[in-house]
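Could you help a first-year student read a structure, one question at a time? Let us look at it together.

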Amino acid sequence: MNRKGLVSLIAVFLGLIAGAVFMLLTGHNPFIGFMFLFQGGTLTLERLGNTLATSTPLILTGLSVAFAFRTGLFNIGTPGQMLFGGFCATVVGLSSDLPSAVLVPLMVITGFLGGALFAAVPGILKAVFNVHEVVSSIMMNWIGYWIVYYTVKAYFTGNMETESRLLPNSATLRSPWLSNLFGGSYINLGLLVAILAVLIIAFILNQTTFGYELKSVGYNRHAAEYGGISVNKNIIFSMMIAGGLAGLAGVVQYAGNANNIQIGVMPTQGFDGIAVSLLGANTPIGSLLAALFFGLLYSGRGFMNAMTEIPPEIADTIIATIIYFAATSVLVERLLDKILKSRQATKKPLIDSAVQNTDNNNTNYGFMPPTEEEKENVPKGDE
Amino acid sequence: MDFVVEMLNIRKEFPGIVANDNITLQLKQGEVHALLGENGAGKSTLMGMLFGMYRPDQGVIKMNGSEVKITSPNVANDLGIGMVHQHFKLVHNFTTTENIILGIEPKRGLSVDIKSAAGRVAELSKRYGLNIDPFAKIEDISVGMQQRVEIMKMLYRNANILIFDEPTAVLTPQEISDLIEIMRNLIKEGKSIILITHKLKEIKAVADRCTVIRRGKYIGTVDVKNTSEAEMAKMMVGRPVSFKVAKVPSNPGETILKIDNLNVQSNKKVLGLKNFSLEVKAGEILGIAGVEGNGQSELVEAITGLRKVESGTISVKGTDITALSVRKRIDTGIAHIPEDRHKRGLILDYTVEDNMILEVYKNPPFSKLGLLNRQAIHEYANKLINEFDVRSGEGGASIARSLSGGNQQKAIIGREIELDPELLIAVQPTRGLDVGSIEYIHKRLIEQRDKGKAVLLVSLELDEVMNVSDRIAVVNNGELIGMVSADQTNENEIGLMMAGVKGGTHHE
């Protein structure tokens, strides 16, 4: 377990303790509360499947935020990208009657492209005019919100005014086989899309020159520039890929977990992606694990409400507290640093001898030891 | 005994290191006492304790024979201890007087009594020969004058013990001799001075006694008059040091770099480089001498492609590179040891291995079809680490941030030399390094020259430029003031040119 992972675990632990304190303060037994919270997400195969399904869009939005973070960008536009990507996929699904094996992949690709298109705007604005991506991507959220609101209402209204027509089952990621495997859960092929995305992104970041460039720009754009890496190109690509991932989250949400798109609602999974990414230390695998954890909390919440007296508001508060601790994991890191440092400082004898070693050894200049020949050639006295 | 300050058997530890171990420094009334040591020897820590920034773990500090506890810089101030920091702490759009009284403003009712303060500044300025205009704005005055404002800050606060931290690093040779004159005046008026430095020449010029520390340990205190520079250098480094860089005369070949009428904007959106023309030939080291901020950064960034050119051309081996991207310029054969190794030279959060391929990751064998070849990268990095003796905790897998400054610099130099460039641009290649490292890096630069490569050396250390270069171009205010050959010039001539006095071309 590396340091980052340890920090995240401590954040989760502190969050749970804070939740326990909440339960105690409101006169409930935290052990029973947590027992039902976790049982709610795992007790049966169906519940487990639902937990995974709930996690699926979170994996993708978390991955989206994490990917942009690696290039030094804060993609706060995930809700808009997710909404627009999901919307594009829904439009394709509703307007075409291709066979499922062609249509569903086409929807996935459309969703990715829709999200990428939406994120390209802040990316280009950042690269060309140095407009901060936080401002422009938040604005894009609202542009997406109203585009979807208008278009769905005008062309795709279903039974209710507030949602689109239902997608036929052949135009969703649903798979009866997978559902049955998990006792009728609404788990769907979206999970595979998400896992595949995690693996691909991890591969890009760690094994390719493209990933090397992206990370270089993220860590130190001046050095990247010095090394001949185009900073602007990488900023635009990074935003587009991040947006595409959020778009995929839209596909798995609106054409997987659900089978239509709601209007007038900004998807909460978008902003949750930020917390997922932070808790996952901005790594692909970390985001996957963090999303599973959040999915567990979200799907266990209902069960806890049903089985105990703990009111649903308290359950939400507990989840929010954990997210809060996850988001402030940098504090945990500082604390950890301090503890490690003070522990190091007590190991005096070891350090003393280390310094003495370098000091008593005259040939050790902390640089290149001279060869015998060089020692001979050193001029004596004044020059 | 007439010691004004005594620091006796001082010990200070930081986590992981003993910064000061049993160090004694005794300052006599009315002397200039040099504190000599390499970077990281513990000079700043020792002075930090005198100035109240840290508390010693062991040992006592005495002033005029009685023990004092200096718990904060304010206490130090009250005791009459003042410090001129290496990096000035001035508000640029305030006047000199406003800066001097900052924190102790004389008041008349609710308003600041600038007038009486300015009067006192003028009077002190006259007494010590500082020549400060009380109403000039900091941004309008020279760096040398800004330093005098810092000195005035201490005098205004009635300091008697003055600590100068590497005061000459930012000055031209002429400004340095002015500063030495000012220090003599201060002594005449009864002040005592501690001079922190690693420049032996200045110690010889101004100091009475010199205390040498090495790696946190006290080596000795000597009378400057009776001690040679070589002896002091040996005390500082722990072995004999050669001052002259050994090299054979250069053998210049064809022109590698040709700069013609170059105009480049600075960060302030004015021309930082004006009608600049220059040639560097194969097999020679061309040094650029000048005070910081006189167009050096603009020149280097224009050549390497990091900064846009307004007009003029740059060509390498006859190919016009003025419009090429950074990557293409690297491929043309330009390598660049950047001025700021943390800003440009390294990606500190990458491993040493990943840093070694910063410019070549796209080339085979390090990648193929966009996939990195970890094995090849690993071998390449290990080769460089061994060849250039880059020391780190875990070899190539160490995070670059965890390396010492000297080892970071060696990693960069190794990386750049390994590119086998036609033109090697070295900017401040030895900044902040110890004497041993400096010797080594100079040797490497000369080795490149002897292999028939062109080397452009930009440095603020005049000694470095004069020792290593074959020809020296002097810049002032973005213009080429003159060109001299290194073996026919002297510090005085270059110093005048650095200050903007034209001349020098007669050597050509």
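What follows is a friendly set of questions and answers about this predicted model.

Reader: How should I read the numbers and letters, and which pLDDT do local features need?
Author: Residues count from 1 along each chain as its sequence is written, while chains are lettered from A and ligands numbered from 1 in the order in which they are written. As the model is predicted, totals for chains, interfaces and linings use all residues, side-chain atom pairs count only at pLDDT 80 or more, and local features need pLDDT of at least 70.

Reader: How many helices and strands are there in chain B?
Author: Helices (H or I, at least four residues) and strands (E, at least two) are DSSP runs, numbered from the N terminus. Counted that way, chain B has 17 helices and 24 strands.

Reader: What is the radius of gyration of chain B, and what does the globule rule give?
Author: The radius is taken over C-alpha atoms, and the globule rule is 2.2 Å times the number of residues to the power 0.38. The C-alpha trace of chain B spans about 70 × 50 × 50 Å along its principal axes. Chain B has 508 residues and is as compact as a globular protein of that length, because its radius of gyration is close to the rule's value: 25 Å against 23 Å.

Reader: Which domains does chain B have, and what separation is there between their centres?
Author: The bounds come from an automatic or database domain assignment. That assignment gives domain 1 (3-237) and domain 2 (255-507) in chain B. Taken over C-alpha atoms, the centres of domain 1 of chain B and domain 2 of chain B are separated by 34 Å.

Reader: How many residues does each domain of chain B bring to the contact?
Author: Two residues are in contact if their C-beta atoms, placed from the backbone, lie within 7 Å. By that rule, domain 1 of chain B gives seven residues and domain 2 of chain B gives 13 residues.

Reader: Which strands stand at the edges of the six-strand sheet in chain B?
Author: Two strands pair if DSSP finds at least two bridges between them. This open sheet has the order 18-21-22-15-23-24 (chain B), with mixed pairing. A strand with a single partner has one side without a neighbour in the sheet, so the edges belong to strand 18 (334-337) and strand 24 (479-485) of chain B.

Reader: In which sense do strand 15 and strand 22 of chain B pair?
Author: Strand 15 (residues 285-289) and strand 22 (residues 454-458) of chain B share four bridges. Across this pair, Gly287(B) stands opposite Leu457(B). The sense of the pairing is parallel.

Reader: At what angle does helix 15 of chain B run to strand 22 of chain B?
Author: Axes are lines fitted to C-alpha atoms, for helices over the stretch in contact, and angles run from 0 to 180 degrees between N-to-C directions. Helix 15 (residues 435-450) of chain B lies across strand 15, strand 21 (423-427) and strand 22 of chain B, and its angle to strand 22 of chain B is about 150 degrees.

Reader: Which residue in the turn between strand 13 and strand 14 of chain B has a positive phi?
Author: Strand 13 (residues 255-265) and strand 14 (residues 271-281) of chain B run antiparallel, joined by seven bridges. Among the partners, Ile259(B) is bridged to Leu278(B). These strands form a hairpin with five residues between them, and the turn residue with a phi of about 65 degrees is Lys269(B).

Reader: Are helix 8 and helix 9 of chain A roughly parallel or roughly perpendicular?
Author: Angles under 35 degrees count as roughly parallel, over 145 as roughly antiparallel, 65 to 115 as roughly perpendicular and the rest as oblique. The axes of helix 8 (residues 190-207) and helix 9 (residues 209-219) of chain A come within 5 Å and cross at roughly 75 degrees. Helix 8 of chain A and helix 9 of chain A are therefore roughly perpendicular.

Reader: Which peptide bond is cis, with omega near 5 degrees?
Author: Most peptide bonds are trans. Pro365(B) sits in the loop between helix 12 (352-356) and strand 19 (367-368) of chain B. The cis bond runs from Pro364(B) to Pro365(B).
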